[in-house]
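Student: Could we go through this structure together? I would like to learn how the labels are justified.

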Amino acid sequence: MTAPRRLLLVNGPNLNLLGTRQPEVYGTDTLADVEALVRTTAAARGFEVRAMQSNHEGVIIDAIHEARLDCAGIVINPGGLTHTSVVLRDALASVDLPTAEVHISDVNNREDFRKFSYVRDLAAVHVIGEGVAGYARAVERLCDVLTGQSEG
């Protein structure tokens with residue numbers, strides 16, 4: 001059986017408001033723009049993408065669990081769940097898929113509570129503070145990990 005050539009793109013709470021939510025922090029690109037960028041970037045590397053966004057932690061956990069059946073890796077911007085969700089961390093650890101953690105803003109130069117990530121130690125790739133373009137970089141780096149072109 002060949003390895004799946006699909007990535008799960010997860011966008012957490014409030015990322016459905018991209019383009020209108022604090023454009024001075026998150027820019028003016030929309031969630032649809034993010035999803036299109038990720039699909040185009042992944043396709044260039046031979047991967048397809050299943051994208052999901054939810055403001056509900058349990059829905060995100062369910063999507064991560066389902067990914068173990070047909071995805072090779074996960075690109076995730078957990079939003080505020082980054083700093084608060086042990087169950088998100090446990091879900092990612094449970095499926096044991098290479099993961100790329102993405103944050104549009106530089107969370108390390110914002111409020112103190114944003115500097116901690118429950119996902120950080122599990123993720124093979126971290127792209128922080130590169131705006132929406134960071135999603136493309138995260139996909140490229142994750143694809144390198146998945147195809148053995150990089151050690152992470």
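**From values to labels**

Tutor: Gladly! Let's begin with one residue: Arg50 has a relative accessible area of 27%, so Arg50 counts as partly exposed. Keep in mind that this is a predicted model.

Student: What makes 27% "partly exposed" for Arg50?

Tutor: Buried means under 20%, and exposed means over 50%. The 27% of Arg50 lies in between, so the label is partly exposed.

Student: Which label does Asp121 get, exposed or buried?

Tutor: Asp121 has a relative accessibility of 55%. The cut-off for exposed is over 50%, so Asp121 counts as exposed.

Student: Back to Arg50, then. Why is the contact between Asp70 and Arg50 called a salt bridge?

Tutor: A salt bridge needs a side-chain nitrogen of Lys or Arg within 4 Å of a carboxyl oxygen of Asp or Glu. Here the closest N and O atoms of Arg50 and Asp70 are 2.8 Å apart, so the pair qualifies. Asp70 is partly exposed too, because its relative accessibility is 24%.

Student: What does the pair of Asp70 and Arg50 tie together?

Tutor: Asp70 lies in helix 3 (residues 57-70) and Arg50 in strand 2, so the pair ties together parts that are 20 residues apart in sequence.

Student: How do you know that Asp144 and Arg45 form a salt bridge?

Tutor: Use the cut-off again: their N to O distance is 2.4 Å, which is within 4 Å, so they form a salt bridge. Asp144 belongs to helix 5 (residues 133-146), while Arg45 sits in the loop between helix 2 (31-44) and strand 2, so this pair links parts 99 residues apart in sequence.

Student: How many salt bridges are there in the whole structure?

Tutor: The search finds 6. One of them joins Arg89 to Asp121, with the closest N and O atoms 2.6 Å apart. Arg89 lies in helix 4 (residues 86-95) and Asp121 in the loop between strand 4 (99-103) and strand 5, so parts 32 residues apart in sequence are tied together.

Student: Which residues are joined into one network?

Tutor: Arg6, Glu48, Arg50 and Asp70 are joined by salt bridges that share partners.

Student: Now the sheet. What makes strand 2 an edge strand?

Tutor: The 5 strands of this open sheet have the order 2-1-3-4-5, with parallel pairing. Strand 2 (48-53) and strand 5 (125-128) each pair on one side only, and they are the edge strands.

Student: How do you know that strand 1 and strand 2 pair?

Tutor: Pairing takes at least two bridges, and 6 bridges join strand 1 (residues 6-11) to strand 2, so they pair. For example, Leu9 has Ala51 in strand 2 as its bridge partner.

Notes. Residues numbered from 1 in each chain as written. Predicted model: local features only at pLDDT ≥ 70, side-chain atom pairs only at ≥ 80, totals over all residues. Heavy atoms only, no water. Helix = DSSP H or I, 4+ residues; strand = E, 2+ residues; numbered from the N terminus. Buried < 20%, exposed > 50% of the residue type's maximum accessible area, 1.4 Å probe, protein only.
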